[in-house]
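User: Please take a close look at one part of this model, the strands that pair into a mixed sheet and the elements that pack against them, and then set that part beside the rest of the chain.

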Amino acid sequence: MNNKEWNTTPYPADILETEKPKNDSKDFSVVLFPGQGIIKVGMIQKYIHFPGVKDLFDITNELLGYNLLKLCLEGPQEKLNRTEFNQVATVISSIAGLEKVREERPNVFNSCIATAGYSVGEISALIFSGVISFEDGIRLASVRGKAMQYASDKLPQGMLSITCTPTTKIHKACEDAIQWAIEKGVENPICRVAVFLSTERKILAGNIETLEYIESHRKEYGLTNLNRLPVSGAFHTVLMEPAVKAVSTALNSITIDEPRCKVYSNYKAEPYKDMKFAKKLICKQMVSPVKWEQCIQRIYNRPQNMSFPRTLDIGSEGRMKTILKMINAKAAHMCIVV
C-alpha cells in the first residue's frame with residue numbers, strides 16, 4: 001500500500017495550520033508521547049476500532065515487511081520487548097492513539113502549541129507536528145530500533161532508575177563504579193546519568209558491571225528505590241555510538257519540514273528551531289542524556305496566575321502523566337490520559 005494521504009502527516013494539512021486560540025492558556029493543548037518499554041501485548045486493542053488505525057497498520061506492515069499489528073495484539077511479550085520491535089511499536093501505538101484524539105477531541109489539533117516525546121517518542125512528536133511524514137517516521141523508528149538493538153548486543157549493558165536527594169553523590173557513584181569496572185577488566189566502561197527524569201528521579205546507564213556496583217553500594221552514595229529498566233541497552237550514552245551511522249543514513253533519505261507547533265528536543269531541552277540541524281539533533285539524542293525535566297519545565301513555564309494548558313498523554317497508560325506530576329503537579333492536574 002502506498003497511500004499518499006500519509007505522505008506528510010497523518011492529519012490533513014490545514015488541521016494543524018488553523019489559527020491558534022488567543023484566549024487563556026487553558027484553551028491551548030500540549031501533547032506528550034512515551035518512549036520504549038510502555039507497550040504491552042494487547043494494549044493497542046483500545047485504539048484498533050477508531051477510523052484510520054487499521055490503515056496505519058497496513059502501511060506499517062508493508063513498510064516493515066512483517067505483521068507488527070499481530071505482534072502487538074498477540075505477542076509474545078518477550079519478542080515485543082526487544083528494542084528492534086518495541087521502538088517502532090511504540091511509535092505506531094502513539095500515532096494510533098492520535099486517531100482516538102481526532103475522533104473524540106478534534107480541537108486538540110488546532111489548539112496544540114507544543115509537543116514532546118520521551119526518547120523514541122520524539123519521533124512520534126516529529127510525525128505529529130508534520131516535521132517528518134508518517135511513512136518516514138515508521139522507517140526511522142524501525143532503523144533506530146534495529147541499530148540500537150545491535151549496539152546493545154555488543155556487550156552487557158543496561159539502565160537503572162534511582163531516587164536521589166540533594167545529598168546524593170551521583171557523580172561520585174558513577175566515578176567509583178567506572179573505576180571498579182576497570183579493575184575487573186572492563187575496557188572503557190561507561191556509567192552516567194542518561195535521563196534527567198525529574199528532580200528526584202534519574203536514570204543511570206552504562207556497562208552492566210557499573211550498574212551492579214551501584215546496586216551493591218547504594219547506601220554509600222545515598223541512593224534509594226533502585227530499579228533496573230527492562231531494556232538491554234545503555235541508551236543515551238556513547239555505548240549507542242554503533243547505532244548512529246545506520247540512523248544517519250536513514251535520515252539522509254528523509255525530508256524535513258517546518259513544524260506546525262513547537263517540538264521540543266530531548267537533546268537540547270528547547271524547541272527545534274533551524275530545521276537544517278534537525279537530523280543532527282535526532283542522531284545526537286541517541287548518545288546524549290535525555291533532558292526530560294528541563295523540557296517539561298520550559299513547556300509549562302508561565303506566570304503564577306496563568307492557568308495551565310490541557311495536556312494529552314498519548315499511549316503511555318498514564319506513565320507520562322505520572323512523570324509530569326513529579327515535575328509540575330499543577331500542570332498534571334490538567335492532563336488527560338488517552
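Analyst: What follows starts with the mixed sheet, goes on to its helices and loops, and ends with the other sheet and the cysteines.

The model is predicted, so local features are given at pLDDT of at least 70 and side-chain atom pairs at pLDDT 80 or more, while totals for chains, interfaces and linings use all residues. Residues are numbered from 1 along each chain as its sequence is written, and side-chain values use heavy atoms, with hydrogens and water left out.

The sheet in question is open and mixed in its pairing, with 6 strands in the order E8-E7-E2-E1-E9-E10. Strands here are DSSP runs of E with at least two residues, and helices are runs of H or I with at least four, numbered from the N terminus; two strands pair if DSSP finds at least two bridges between them. At the edges stand strand E8 (270–271) and strand E10 (335–337), each of which pairs on one side only.

Strand E1 (residues 29–33) runs parallel to strand E9 (residues 310–313), and 4 bridges join the two. Within this pairing, valine 30 stands opposite threonine 311 of E9, and valine 31 has leucine 312 as its bridge partner in E9. Leucine 312 also has a bridge partner in E10, namely isoleucine 336, and E9 and E10 pair in the parallel sense over 3 bridges. As a general point, the side chains of a regular strand alternate between the two faces of the sheet.

In the segment before E1 lies aspartate 27, which is partly exposed because its relative accessible area is 29% (buried means under 20%, exposed over 50%, and partly exposed in between, with a 1.4 Å probe and protein chains only). The C-alpha atoms of aspartate 27 and serine 307 are 9.5 Å apart in space, although the two residues are 280 residues apart in sequence.

Two helices can be described by the strands that they lie across. Helix H6 (residues 121–128) lies across E1, strand E2 (112–117) and strand E7 (262–265), and runs at about 150° to E2, where angles run from 0 to 180 degrees between the N-to-C directions of axes fitted to C-alpha atoms, for helices over the stretch in contact. Helix H14 (residues 319–327) lies across E1, E9 and E10, running at about 135° to E9.

H14 also meets helix H13 (residues 292–300), whose axis comes within 10 Å of that of H14 and crosses it at roughly 75°. That crossing makes H13 roughly perpendicular to H14, a term that covers angles of 65 to 115 degrees. The contact, meaning heavy atoms within 4.5 Å, is made by Trp292, Glu293, Ile296, Gln297 and Tyr300 of H13 and by Met320, Ile323, Leu324 and Ile327 of H14.

The loop between helix H11 (241–251) and E7 holds threonine 255, which counts as exposed because its relative accessibility is 53%. Leaving aside neighbours within four places in sequence, threonine 255 is in contact with Val131, Ile132 and Asp136, and its C-alpha atom is 8.0 Å from that of serine 133, 122 residues away along the chain.

Elsewhere in the chain, 4 strands form an open antiparallel sheet in the order E4-E5-E3-E6. Strand E4 (191–196) and strand E6 (224–228) each have a single partner strand, so one side of each is left without a neighbour in the sheet. Neighbouring strands of this sheet are turned by 30° against each other on average, direction ignored. Strand E3 (residues 157–163) pairs with E6 over 3 bridges in the antiparallel sense, and leucine 160 has arginine 228 as its bridge partner in E6. Helix H8 (residues 170–183) lies across E3, E4 and strand E5 (201–207), running at about 140° to E4.

As for the cysteines, the count of disulfides, taken as pairs of cysteine sulfur atoms within 2.5 Å, comes to 0. Cysteine 174 is buried, with a relative accessible area of 7%, and its sulfur is 3.7 Å from the closest cysteine sulfur, that of cysteine 191, which is too far for a bond.

Terms used. Angles under 35 degrees count as roughly parallel, over 145 as roughly antiparallel, 65 to 115 as roughly perpendicular and the rest as oblique.
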